[in-house]
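Reader: I should like to go through this model with you, beginning with what counts as a contact between polar atoms. Could you set that out once the structure is in view?

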Amino acid sequence: MLTTPSLAFAAVEPSVQRRLVLDRRQRHLLVLEGSQERRRFPVGVGRPGWETPVGQFSVIELAVEPTWEHPATGQRIPPGPANPLGSRWIGFYRDCKGRVGFNGREHLVVKGCVSAGFHGTHQRTSVGQALSHGCVRLLDEDVRELFDLVEMGTPVTVLP
């Protein structure tokens, strides 16, 4: 006769998927778990002619202390106070068809790939504005918190 020790089983709740919902018009980002709002952040979004892409995406890139590359000139800015990405980058969109944009003042032509994502900024007054080239700006302390709440593959919904 074989005996086994008795095992205790804990009731395990099904995992609740965390997801991000960006409302471009209201300029806020929601972190949701199921239908519950876990966190809300104020954000800045893409300027006219360079709007943040709308649709269903997922987190495809995570970087601590990223290097920024200017989309048109290729100039690289290392991590630090002059870097427009702040201390964290959470990429959710990549398109390699190139891009042309005009906002009434500036004309910018990008050959190759363009990316969009959530990142920090040292320009605190830009949060709440539509000033970027499609990215989503958060206060640097907020993007650090957001970075710890997401992982590769986290769903991202961008509303108009």
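Author: A polar contact is a pair of N or O atoms within 3.5 Å, and within protein one of them must be able to donate a hydrogen and the other to accept it. The model discussed here is predicted.

Reader: Which side chain does a polar contact join to that of D95?

Author: D95 is found in strand β9, which covers residues 88-95. A polar contact of 3.2 Å, within the 3.5 Å limit, links the side chain of D95 to that of Y93.

Reader: Is D95 buried or exposed?

Author: Buried means under 20% relative accessible area. The relative accessible area of D95 is 17%, so D95 is classed as buried.

Reader: Which backbone oxygen does the side chain of T154 reach?

Author: T154 lies in the loop between α1 (140-149) and β15 (155-159). Because its relative accessibility is 6%, T154 counts as buried. Leaving aside neighbours within four places in sequence, T154 is in contact with R18, R19, L20, F57, S58 and V59. At 2.8 Å, its side chain reaches the backbone oxygen of E151.

Reader: Over which residues does pLDDT stay under 50?

Author: The protein chain has an average pLDDT of 85, and 81% of the residues score at least 70. One stretch has zero contacts beyond four places in sequence, and there pLDDT stays under 50: residues 1-15.

Reader: How many strands does the protein chain have?

Author: Of the 160 residues in the protein chain, 42% count as buried. The secondary structure comprises one helix, and the strands number 15.

Definitions and conventions:
Residues are numbered from 1 along each chain as its sequence is written. This is a predicted model: local features need pLDDT of at least 70, side-chain atom pairs count only at pLDDT 80 or more; totals for chains, interfaces and linings use all residues. Side-chain values use heavy atoms; hydrogens and water are left out. Helices (H or I, at least four residues) and strands (E, at least two) are DSSP runs, numbered from the N terminus. Buried means under 20% relative accessible area, exposed over 50%, partly exposed in between (1.4 Å probe, protein chains only). pLDDT is the predictor's confidence in each residue, from 0 to 100. Contact means heavy atoms within 4.5 Å.
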